[in-house]
Amino acid sequence: METSHSDRTSAHPNPENRPTWAEIDLEALAFNYHSVRSFVGKGIRYLAVVKADAYGHGALKCARRLQDEGVDWFGVATVEEGVELRQGGISRPILVMGGFWPGQIRIGLDNTLTPAVFTIEQASSIDRVANEIGTKIDVHLKFDTGMGRLGFPFEKAGEIAAELTQMKGLKIDGLMTHFASADDLECDLTGRQIERFELIVKLFREKGFEPSYLDLANSPGAVAHPASRSGMVRLGGVLYGLGGDVLPQGIEAPELRPVMSVRSRIAQLKTIRTGDSVGYSQTFVATRETRIASVPIGYHDGLRRNLSNTGNMIVRGRSAPIVGRISMDWTTIDVTDICEASVGDLVTVIGSDSGSEINAEDIARELGTISYEITCGIRDRVPRIISEEYRP
Ligand SMILES: *Cc1c(COP(=O)(O)O)cnc(C)c1O
């Protein structure tokens, strides 16, 4: 990879393509998994959350690598995402955290996906299918202990356990809940969620259930709340190196490396005079003779338009401010102070080059959001290229 960073003038690895791409560093992904696992503990199981195309990083390639590294389970949002993994050769168990929609039970089962179940209606329709085909179906029950989103209400755990004892087609193999504020150490909700979950587990055991999996923790839970590291943890953001804004600040944390970089190349350079403007609505007016580089990436690629006149890109290891409006396909940057800048130069939008770095967390902070939205927002027009695939 180092060589490609300094290779500023050669063509894109696929010279027939527009030179804008996202580099996915699977070595960093593997590093992050092992780094978190050493920190959190080896005695538990690890579910890698690869929903939303692995937070924009490419679900299948990330999942294949994580499977090779020994991850126990995968978590997706939808049946469609689970089917993609199965068709791509993922053999480990896959939890569909958003559940099966009514018409998807058969396809879910045909692909050996495990549903999260959070309503009695879901439970009974899966039970019905199990009875039809004469089998028992593994499900994980999701309880709402304070998130206020998906899940059976924790107060009803006793009643729900009683109802489920009647559904002989279901094997309740997991109980799960999800934290609302595990990144905030001042907030006492996490502690209450853990207590509520422990009570749920007790009630289910009293009714004779023996679930194999009890899981609460997301990334900030696993790293910052040791009490939530029960049988399994469900990790998303930390695997992709996005700890900066989803882990509590100032705590001891595992070392993480960013997995996604977004790069492009200078397509055109021009010098404009004092008083000339750049881009739609003339939001930038030059106060000196200014060298403008046009870069083929825009808001359709996921470069958010709110970065107009505030964001930066890196050229030859130096920061180049975004000037004028970001448009659908193009962005203009000021390279006046980078005199060697040339057409074809590598432009780093997210990532590092020669000691300068812009990470997804920096961009998120600028925009008042979190890094997940930035990496998820990089659109399909930007090809995901595994680092080794284009190493010159
Ligand atoms: C997305 C998700 C996770 C992963 O959260 P991170 O903060 O990215 O680790 C875990 N559990 C559930 C239910 C989720 O929806």
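The centres of domain 1 and domain 2, taken over C-alpha atoms, are separated by 38 Å, and I should say at once that we are looking at a predicted model. As for where the division runs, domain 1 is made of residues 5-22 together with 259-389, while domain 2 covers 26-240.

Let me turn to how the two parts meet. Nine residues of domain 1 are in contact with 14 residues of domain 2, and between them the two domains bury about 1000 Å², with 63% of that area on carbon and sulfur atoms. On the domain 1 side, the residues that lose the most area to domain 2 are Val259, Tyr372 and Ile386, and together these three account for 54% of what that side buries.

What about the polar side of this interface? If you ask how many salt bridges the rule finds across the interface of domain 1 and domain 2, the count is zero, whereas five residue pairs, both members at pLDDT 80 or more, are in polar contact between the domains. In terms of secondary structure, α12, spanning 371-376, and β21, spanning 384-386, each supply at least two residues of the domain 1 side that touches domain 2, and α12 gives the most to that side, with three residues. Sorted by class, the side of domain 1 that touches domain 2 has five nonpolar residues, one polar residue and three charged residues.

Now to the ligand, which has 14 residues around it, and of these Lys51, Tyr55, Ser219, Gly237 and Tyr372 come nearest. Tyr372 therefore appears twice in this talk, being listed both among those nearest the ligand and among the domain 1 residues that lose the most area to domain 2. Looking at individual atoms, a polar side-chain atom of Lys51 lies 2.7 Å from an oxygen atom of the ligand, and a polar side-chain atom of Arg234 lies 2.9 Å from a ligand nitrogen atom. Gly236 takes part through its backbone, with an N or O atom 2.9 Å from an oxygen atom of the ligand.

Key:
Residues are numbered from 1 along each chain as its sequence is written. This is a predicted model: local features need pLDDT of at least 70, side-chain atom pairs count only at pLDDT 80 or more; totals for chains, interfaces and linings use all residues. Side-chain values use heavy atoms; hydrogens and water are left out. Domain bounds come from an automatic or database domain assignment. Contact means heavy atoms within 4.5 Å. Buried area is the accessible area (1.4 Å probe) that two parts lose on being put together, summed over both. A salt bridge is a side-chain nitrogen of Lys or Arg within 4 Å of a carboxyl oxygen of Asp or Glu. A polar contact is a pair of N or O atoms within 3.5 Å; within protein, one must be able to donate a hydrogen and the other to accept it, and residues adjacent in sequence count only if both atoms are side-chain atoms. Helices (H or I, at least four residues) and strands (E, at least two) are DSSP runs, numbered from the N terminus. Ala, Val, Leu, Ile, Met, Phe, Trp, Tyr, Cys and Pro count as nonpolar, Asp, Glu, Lys and Arg as charged, and the others, Gly among them, as polar. A residue is near a molecule or strand if one of its heavy atoms lies within 4 Å of it.
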